[in-house]
2 protein chains.
Amino acid sequence: MVDTRRGPRRTLSEQAILDAALALLAELGADRVSIRGIATRVGIAPNAVYTYFPDKAAVLAGVAEQLVGRVDAARFTGPARSWRERAHAVADALRAELLVHPGAVHLLLTSPMTGEHATTLGATVLAIMTDAGLDHEDAARAAHLLNVHVLGSVALTTDGADDQFRWGLDRLLDGITAHTP
Amino acid sequence: MVDTRRGPRRTLSEQAILDAALALLAELGADRVSIRGIATRVGIAPNAVYTYFPDKAAVLAGVAEQLVGRVDAARFTGPARSWRERAHAVADALRAELLVHPGAVHLLLTSPMTGEHATTLGATVLAIMTDAGLDHEDAARAAHLLNVHVLGSVALTTDGADDQFRWGLDRLLDGITAHTP
DNA sequence: ACCTGAACACCGTTCAAGT
DNA sequence: ACCTGAACACCGTTCAAGT
């Protein structure tokens, strides 16, 4: 029994679209996330998706935002732990989030991350690097470097490879430490 | 005047397919490289491409191989320059190659790099890291780390951002240096 | 082996129209 | 504003058949 009535049903929202996209991502992988698949899942015609998002890229950007939003940035603020411990922790948390969604990395590597969650997480990492003793400019570069390492590592390794990730992260943080005054 | 005859024409090869794919990549971007587009460009029916490659993924893997083959690995071997200079040089060369082909990075991040060119370039970077004084296991990790940095940086930055790339690379090499006995 | 023609099962997106 | 139906311009891939 498919509802074929037209007009608002007041049962949908942007979030419902994103939830469907995330479910598709988890079940079928990144290359199988389609507008038509999302539409079927939420029970509307394919083109009705365009009521909520301007195009597919916007949907995928929303999914990416959703994913980075799942890592709780607040856990890595404040001087309770050393900057290095916190850097390790954010990197691990983001990586773990990406590993559970196969192909999700490519979304983050493609979509320009300008959303709210991405911004706050970026600010958190920036604060960590500032705590490390870097000036504003270097802190921004270090934050970007950490991001590159996390996303690059996940994208480039098929299996787990925890060891290689952590080894690289430690070299990277050593290099940053050596650069502080 | 389109040739509609069937049978071998002896005018095509795997290389011709890859050349067409590379041209499409340069002209239209990565998401516009299609089997049908390649077929049109070389003047055959779309399905005739499957005579040369088993599927699209194989074509894209071939393109990725072609691209890494363009960086001349031999230029970075031997003890003429220090390991650090050579590490800088390979990283720059690979990055430069990826920057001229928009979207090419995603090919390297997606296709498993098992080709001949990829293998020799990997061996070259491994040798550089061995020259740095690392044992076999750490040299492999350092080589992978460099790869992650180059591909991650290119994928994650829209504009040039030479500065950020080099800064990160220097931190990374500092960290590796500090880890040598 | 190398090719064509036709088809299958998909895509993203647009347009006109209904509520 | 939110939705449907139909269409447009594409995809990758397979199958049968011709040379």
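A residue is called buried here when its relative accessible area is under 20%, exposed when that area is over 50%, and partly exposed in between, using a 1.4 Å probe on the protein chains only. Keep in mind that this is a predicted model, where local features need pLDDT of at least 70, side-chain atom pairs count only at pLDDT 80 or more, and totals for chains, interfaces and linings use all residues. Residues are numbered from 1 along each chain as its sequence is written, chains are lettered from A and ligands numbered from 1 in the order in which they are written, and side-chain values use heavy atoms, with hydrogens and water left out.

**Stop 1: chain A by itself**

Select chain A and hide the rest. Of its 181 residues, 45% are buried. Switch to cartoon and you'll see eight helices and zero strands (helices are DSSP runs of H or I with at least four residues, strands are E runs of at least two, and numbering goes from the N terminus). The C-alpha trace spans about 65 × 30 × 25 Å along its principal axes. Now think about contacts, meaning heavy atoms within 4.5 Å. Among the contacts in chain A with a separation of 6 or more, 67% join residues 24 or more positions apart.

**Stop 2: chain B against chain A**

Bring chain B back. The contact takes 28 residues from chain A and 28 residues from chain B. Together the two chains bury about 2,500 Å², with 70% of it on carbon and sulfur atoms (buried area is the accessible area, 1.4 Å probe, that two parts lose on being put together, summed over both). On the chain B side, pick Arg141(B), Leu156(B) and Trp167(B): they lose the most area to chain A, together 28% of what that side buries.

Next, show Arg141(A) and Asp163(B) as sticks. Their side chains form a salt bridge at 2.5 Å, N to O, and the count between the two chains is two (a salt bridge puts a side-chain nitrogen of Lys or Arg within 4 Å of a carboxyl oxygen of Asp or Glu). Color α5 (104-110), α7 (136-156) and α8 (162-178) of chain B, the elements that give two or more residues to the side touching chain A. The largest share, 14 residues, comes from α7(B).

**Stop 3: DNA strand C**

Select strand C and everything near it, which means residues with a heavy atom within 4 Å. You should get 23 residues, the closest being Arg36(A), Arg9(B), Ala45(B), Asn47(B) and Tyr52(B). Sugar and phosphate make up 53% of the strand C atoms that come within 4 Å of the protein.

Zoom in on Arg6(A): a polar side-chain atom lies 3.0 Å from a base nitrogen of strand C. For the phosphates, go to Lys56(A), where a polar backbone atom is 2.9 Å from a phosphate oxygen. Then try Ser34(A), with a side-chain N or O atom 3.4 Å from a phosphate oxygen.

**Stop 4: DNA strand D**

Which residues are closest to strand D? Arg9(A), Ala45(A), Asn47(A), Tyr52(A) and Arg36(B), out of 23 that surround the strand. Stay on Arg6(A) for a moment: a polar side-chain atom of this residue is also 3.1 Å from a base oxygen of strand D. Over on chain B, Tyr50(B) has a side-chain N or O atom 2.7 Å from a phosphate oxygen, and a polar backbone atom of Lys56(B) is 2.9 Å from a phosphate oxygen of strand D.

Methods: Polar contact = N/O pair within 3.5 Å; in protein donor to acceptor, adjacent residues only side chain to side chain.
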